[in-house]
Structure formats: C-alpha cells, structure tokens
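Please look over the structure shown here, and then work through the questions and answers that follow.

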Amino acid sequence: MAQKSTLLLFLTLLLNQLVWGQTGVLENTRTIIQSPDKNLSCQVYQKQASDGRRSIFYTVSYKNTPVISESALDIQLDNHLSELAMALKVDKTQYWCEDLTFIKTETSKQDTTWKPLYGERSVVKDHFEAATLSFQKASNADYKMQIQVRAYNEGIAIRYFFPENPKGSYYQITAENTEFALPEGSLAYYTQWAQGKYAPLPLQNWVDDCERPLTLKLSNGLYACLAEAAMTDYSRGKFKLHPSKPNSILVSLDDKVDAITYFGTPWRVVMIAETPGKLIENNDILLNLNPPVSTDKSKGWGDWSWVKPGKIIREMTLTTEGAKTAIDFAQQRGLQYILFDWKWYGPALTWDSDATQVKAPIDMPAVVQYGKERGVGVWLYVNKQALVKQADEIFPLFHKWGIKGVKYGFVQVGSHRWTVWVEEMIKKCAENQLMVNVHDDWRPTGEMRTFPNLMTAEGIRGNEEMPDATHNVTLPFTRYIGGAADYTVCYFDKRIKTTHAHQLAMAAVYYSPLQTLFWYDKPALYEGEPELEFWKQIPTSWDETRVLQGEIGQYITTARRSGNDWFIGTMTNNDARSLEVKFDFLPKGKKYQAKIYSDDDTVTTKTKVGIQTQEIDAKSVLKVNLKASGGQAIWLKEM
C-alpha cells in the first residue's frame, strides 16, 4: 500500500511539472518582500497552467544569490465529510489550491525589541517586513486562504492562514506540500529521528524523513537551515526528498490535522547565513514567530517570577539520605536543583502506578524543606502514563509539596493529537507554577517565548548514549538552532568518549536554561577537581551570545556574557587541531583576568585538566592546541 501511494504521488507530481511547464505568471499576484537590510528577497506569485488550474510559488535569494528556486506553496484539504454533515456545498476540486482566485496583497513592517525572562541574550530584536496574499476559492467563496510571509534579516518565514469560514465548516488538512528547491550539490545534515546521529548527506537516497531543524551547506557557499516555528496545534512537519524533483525537499506531516477556523499553520522558516555560526546566533527568529509571553491572569499567567533558570543534578539513590547528600553537593557546587528521576513513585511504564504516592524511601516534605533551607529546589520525573491519567491531580499536589518542576518522560510525539497534549501539559504546569523539561523525541519550536516555564527539552542524542566528539560539535549547528536542549552533561563517568575539558566546555557551548550536569555522576566521585570552578560559576541564562568560529562537525568556539563576565567554550571533533581564539568582541580599553581550563596530561588529578591565568583584552589572541576529542573552557572576569 505504501509503495502504491508513493508511486501515485510520484506520477501526480511528475504530471504537474509537465503541466506547470506550460504556465504563465499572473503578474498581478507577484509580491516581493525584502528583509530590512535588503539582503534577503522573497518573491511569491501565482501561475496558471494550460488547463486553467492555478498554483502558488515562491523563491528566496540572498544578495542576489539563489537559495530557494521556484518552489510550490501547496496545502491539501479534504472537508467533504464536514461539508456533507453540515449540508454545505461539497468541494469537487482535485487539488484544493487549484482554483484559488487572488484578491489582494497587504504589506506591513515591524521593528521592536522584547526582553525574555531568560535566554541567549537579554534583549531580542523583532524586525521584519511582511506581506499577506489573500485568496478565495472560485468554486466556493466561503473558503478563503492567505499566504503570510515575513522577511527578517535572519531568514524568511511563510505560513498558510485560514480566515473564519462563515458557514462553520471544519477543516481537515491531509498534506502540506511546501517545497524547498535547493542549489544542486547542497549537503544536508541528516538525522532520521530527534535522538539520532547526524550524517552529512546529499539530497538523494535518504532512508526516511529528516528531523527538523535541517541545516544545509549550500553549493554556492552559503548556509541555510529549514525550521518549523509555532508548532503547537498541528502535526509535526519533518522533511522528505521530493519524489520527482531533484535537489528538492518537501514538508512531510506526521498525520492529518483537524482544525476550526480561524487558524494558521506553523511557520516554515528558511534561515540563511554566510557562516554556520551565524545560523546559531540568528535562532531568535523562531522565538519571534511565536506569540509573546502569555499574560492570561485568570490562569495565573501574569506573573512568571517563579520561573528560575539553573543547573541540576540527578539523585539516583531515591532515598532521603541520598537526596540530602545531593542537596549538599548542589549547594557547594553552585547548582540550583536536584532531580528525582523515574521510579520514585513506582514502576513508571504502566497505567497502574500512582504519581500522587511516593513509593521510594524518600521523606518528600523533609527533602523539600532541607533543600529550601539551602537554596536548592526539587524536580520530579513523571512518565507519560501518569501525566495522561493524573495531570489535573498531580500538578496542584506537586505545587503544594513545594516542587519546582516536572520532567516529562517518554512522551509520544508527532501527531496532531499528541502535539496538542504536550502543549496542554505545559500550560497546566504553568497554572500550578511548575517548570517543565520534556524528554525523549520532542523538540521545541520557539513556544518557550509564550510559556517560559518550558525550560528545555531533550530531542537530542546526548550523554545517555555517550556520543563521540564529532557528533558533539555537530549539535550546535543543528539541534541547538531549534532551541534549548537537555544534553545531560556528565563529567566523571568512564564511558565518556571525550576529554574532560571537552565536557567542561559544553556548559558554555550548549544552551539550556535548565542545564543538567553530572548526569551519570555521584557526589562521592568529586575529589576537589579545581577546574569544576568553571561549572560552579557559569550561569545558564545570558545577556549576549557570540559564536566566534566554527565548522559543522569540526570545531566551535562560543562566547557568552552574563553581566560583565564572559564564559567561553571551545570543542573539537575526534581530531586534534590548533586554533586561535580572538577576543576582539570585548570592549576596547577593558582588561579581563582569564582563567583557562585545558586538557593537560601533566596534571596529577584523574581528570587531567590544567588551569592557567593570564590578562586578556580586545587585542589578545590565544593559541589553542586541542587534543583529539578535546576542548577548552575560559572564564573572563573584568579587572
């Protein structure tokens, strides 16, 4: 059946290409939107085929260099059951968009800033030019659709928007065939699933759909990233190869979408930059495409002061004594939270467990109070079964207990149903002043701007799988463009495939306002290693972020500022290399004391990390010799 459907889609798209090859642009529809800096240009227009059918296309260029050549904007709806049930005219068109009549184009612009509660920078600029192209179906004027386009300096965002239907018809989206026709020879950093390995692949012979965001190295020297933003009431859109059009990618929905007008689809984003590091710096575009922070005071969403970024350690003994030891360690090492992981309430992978009952030998009130007295909060893991069955019961209870956050385990993702469910769980936690960490195959799409209690998410191949250094220096340019990720950084575990300085640097390179450290470690493993001062001092929320240098899968240097201090991480792949770190991003005339934490085999500690101190200013250049799978961390303190 699957092979038959694929063949049918291939033949249909091939026939469409032949038909559309004999088309003309309807010039009254041509709309050109440019980014504020005029570097990016997007054209949207409608074409009419020889048989009278119409379709919508777009192109994207950067400094007159093609990035996306002519690509279709197409969405398929099947509303016939709703139309029959409500005694409405049944749409007989084969392709829902084929008889759309252009009405008008409206343009607008915005240039504002906003301050997040936490983030990779303390001020976010939201600056774009926009256009809305309005259409209605010739066969039924009650059906209207808009193509909404925003052009940022960082990229182009496009979505479909459906105004309210006056007859109240329900909508079912069966496919979204948004195309991305890329330059021949482009390379995609492909992963089949959210916790999978990455591989640089050409745009051919993929074994399956590709996870988003999808980072691309274009053959024209540019870098691009295809992403999804504001995917909160929809089906997840991965990417698949176009079955008949070479060098082209299609959106691939996980399943059908049932919607009620008015509504908009998630934004399809094309980020473009001249260096891969700029893609990382520009990922605010995904936040900007989500609604501002919720201020619905009727649900308790007006005051978000209880949301506190921080570092967290997992407590693995699931005992009162072990918890107090972890809290003492957290207080001494500058961590803000401990986590009781799964099985604290019994077997987690069953509907029969009860997350209102502590089954492990933990005196929860005593532990919470002990932590409160020492400035250390408690998080609880809850598996999906208990979340589905008991959310309305356990979230108010956890708030009453004094719990600070909930880590969701083994969530189901992808479909419209489970997308909505995860988002509702985040909202329910917000109503009870609980922060959230979503684990397993789920990835954020910028919704933490609206609900900042969503601190981080997994959706990453992290230290649970102990990946190698090449994977680690691919992640900043791929997964982390999509937002905060919980890599679950370790330090002492013998299974780590990198040096300790490499692990140390992750706290600066990897962004997560809830940063898990010492994941597989125990407090007893700490033997006073002096370099762990870096983890003690480093915050998890930033005033400024700079990617100083980097190549995907090769190496990266990231600098982040909090107040007057800078924390810098450099990581290499499986190969040794020599780099230079330039400090020209620092204010001129100011001097800093640099503590430099590097791999050093002459050091007598078991971690083999040495510390050097030197004076640094904007003119300084530091030569860095990195071991294979190595790294370096730097703490700059203003003198």
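Q: Where is the place of E447?
A: This is a predicted model, in which local features need pLDDT of at least 70, side-chain atom pairs count only at pLDDT 80 or more, and totals for chains, interfaces and linings use all residues. Residues are numbered from 1 along each chain as its sequence is written, and side-chain values use heavy atoms, with hydrogens and water left out. With strands taken as DSSP runs of E of at least two residues, numbered from the N terminus, E447 lies in the loop between β25 (435-438) and β26 (454-457).

Q: Which side chain of opposite charge is nearest to E447, and how far away is it?
A: E447 is buried (under 20% relative accessible area, 1.4 Å probe, protein chains only), yet E447 has no salt bridge, a term for a side-chain nitrogen of Lys or Arg within 4 Å of a carboxyl oxygen of Asp or Glu. Lys and Arg count as positive and Asp and Glu as negative, while His and the chain ends are not counted. The nearest side chain of opposite charge lies 7.2 Å away and belongs to R212.

Q: Which backbone nitrogen does the side chain of E447 reach?
A: Leaving aside neighbours within four places in sequence, E447 is in contact with M231, T232, N290, E423, W442 and L454, contact being heavy atoms within 4.5 Å. The side chain of E447 also reaches, at 2.4 Å, the backbone nitrogen of T445.

Q: Which element supplies the largest share of the lining of the second largest pocket?
A: Among the elements that each supply at least two residues of this lining are β7 (124-137), β9 (155-162) and α8 (416-431). The largest share, 5 residues, comes from α8.

Methods
Helices (H or I, at least four residues) and strands (E, at least two) are DSSP runs, numbered from the N terminus. Buried means under 20% relative accessible area, exposed over 50%, partly exposed in between (1.4 Å probe, protein chains only). A polar contact is a pair of N or O atoms within 3.5 Å; within protein, one must be able to donate a hydrogen and the other to accept it, and residues adjacent in sequence count only if both atoms are side-chain atoms.
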